[in-house]
Amino acid sequence: MIWNEEYETLPREALEALQFRRLKSLLETVYARVPFYKAKFDECGVKPDDLKTLSDLGKFPFTYKQDLRDNYPFGMFAVPQEQVVRIHASSGTTGKPTVVGYTRRDIDTWSELMARTLSGAGIGKGDILQNAYGYGLFTGGLGAHYGAEKIGASVIPISGGNSKRQLMIMKDFGSTAISCTPSYALSLFEVAEEEGYDVKSMPIKVGVFGAEPWTNEMRTEIESKWGIDAVDIYGLSEIIGPGVAFECIEAKNGMHISEDHFIVETIDPETGENVPFGEPGELVFTTITKEAIPLIRYRTRDIAIINRQPCKCGRTNVRMSKVMGRSDDMLIIRGVNVFPSQIEAVLVEKKGVLPHYLLEVDRVDNLDTLEVKVEVEGSFFSDEIKELQRLTREIEKDIKDMIGVTCKVRLVEPKSIARSEGKAQRVIDKRKI
Ligand code: DLL
């Protein structure tokens, strides 16, 4: 279902003309209103006027998460405080959160983008959306909430956690759709099994999952366990929250970026040079309609591939692949770049292995070590020890083949790895580097 036929299927030429107009006016606004951008443009010797064509965007400097931190909390805002109607923040691993603001129009834009996202998943009027993204400073809960109301679905603002209650409500209210992180979908399923729910007999038909990396193998797992369609949605607080890009249920093959609101580039994270669409690169977004905190060339650190091929759903905007990793939390183990998702891909295709794992990286006698803790079905522990050893060796070998790094695999009993209600923590890096 396409929510906004006009804008989601704009011919390329019209889309680019629109992007250019919006970008031009945005550059003027930030130069005039945000001291940070005025100083940064001056330092790089560029003026809004230097934008003669869309490709001139590359002349303008990047914006980093650190810039938001340096201007904490509201220093990057482009409007006076009285126009800001909402404030969100994302927790970082260290220090202060990253703070973002929304004007009333920004909230409308965000609702529109989430309306597109949910419609793309086939959700509409008459559906009951159980919104298990966290409500609060995190953008997931309220972002999905406003989109659901806009399309006229009945939204249950249940927020994350409290799995038994989630399941009771899901059954009693007859939820037809769920939104949460993919890792939470899996842990909710476990509780459903324990509590004796037959989720396949419930009306639930689709899940809108995002906010953390997950693989296609994990999609298959969720779909077959729940008996639903699972689509991927992407976003980040700095850009707007969820609603930056979403998969259509028709193709489930890459997330459509709402290019009438965001200009996307892919770059080499080392050199900052653009890499052609079709090759992996760090996603860089410029917001072209946001008022409260517009960002120019924001470095996401997320690595993905942009696909320009037309999609069978009829949308004309580009699609991003699943996020393949982050240029910053990418692990470097004995000099090898390792994305946790590569290891996940090996794990989830093994029979009897459960999709719950933890990577522990350490340094012993100056040598990096990688331990992969992963849960396997309880039956393995009643079997002969040989079977456990065989599987351990098999996984170790496959990981070595996949990433070229020797690791130690530890198979652990179901539920021994801590569950998350929001984003899963998959890596513990104990090295002091
Ligand atoms: O996670 C916004 C969101 C909420 C997206 C709900 C989707 C659903 P932040 O907390 O600022 O915002 O975290 C943003 O999460 O840079 C990615 O690294 C990661 N991320 C978000 N969606 C996906 C996804 C929200 N579908 C950071 N796949 C981003 C992989 C994702 N990673």
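## Polar contacts with the ligand

A polar contact here is a pair of N or O atoms within 3.5 Å. With that cut-off in hand, look at Asp302: an N or O atom in its side chain sits 2.6 Å from an oxygen atom of the ligand. Keep in mind that this is a predicted model.

Ser237 makes a similar kind of appearance, with an N or O atom of its side chain 2.5 Å from an oxygen atom of the ligand. With Glu212 it's the backbone that counts: one of its backbone N or O atoms lies 3.2 Å from a nitrogen atom of the ligand. Taken on its own, the ligand has 620 Å² of accessible area, and the protein covers 93% of that.

## Who lines the site

There are 21 residues around the ligand, and the ones that come nearest are Asp232, Ile233, Ser237, Asp302 and Lys423. So Ser237 and Asp302, already met through their side-chain contacts, turn up in that nearest group too. By character, the shell splits into nine nonpolar, six polar and six charged residues.

Which element gives the most to the shell around the ligand? That's β7, with five residues. The elements that supply two or more shell residues are β7, spanning 229–236, and α6, spanning 139–151.

## Two domains

The domain assignment splits things into domain 1, covering 70–328, and domain 2, covering 336–429. Their C-alpha centres are 27 Å apart. Where the two domains meet, domain 1 puts in 23 residues and domain 2 puts in 16.

UniProt has something to say about the C-terminal part as well: an unreviewed entry places the feature "domain: AMP-dependent ligase C-terminal" at residues 335–431. In the model, that span is 33% helix and 34% strand, and its end C-alpha atoms lie 14 Å apart.

## Backbone oddities

Two spots are worth a click if you like checking backbone geometry. One is the peptide bond between Tyr72 and Pro73, which is cis, with omega at about -10 degrees. Pro73 belongs to the loop that runs between α4 (65–70) and β1 (84–90).

The other is Asn162, which isn't a glycine but still has a positive phi, about 55 degrees. You'll find Asn162 in the loop between β4 (154–156) and α7 (163–173).

Methods: Residues are numbered from 1 along each chain as its sequence is written. This is a predicted model: local features need pLDDT of at least 70, side-chain atom pairs count only at pLDDT 80 or more; totals for chains, interfaces and linings use all residues. Side-chain values use heavy atoms; hydrogens and water are left out. UniProt positions are given in the numbering used here, feature names are shortened, and annotations may be inferred rather than shown by experiment. Helices (H or I, at least four residues) and strands (E, at least two) are DSSP runs, numbered from the N terminus. A residue is near a molecule or strand if one of its heavy atoms lies within 4 Å of it. A polar contact is a pair of N or O atoms within 3.5 Å; within protein, one must be able to donate a hydrogen and the other to accept it, and residues adjacent in sequence count only if both atoms are side-chain atoms. Accessible areas come from the Shrake-Rupley method with a 1.4 Å probe; for residues, only the protein chains shown count as cover. Ala, Val, Leu, Ile, Met, Phe, Trp, Tyr, Cys and Pro count as nonpolar, Asp, Glu, Lys and Arg as charged, and the others, Gly among them, as polar. Domain bounds come from an automatic or database domain assignment. Contact means heavy atoms within 4.5 Å.
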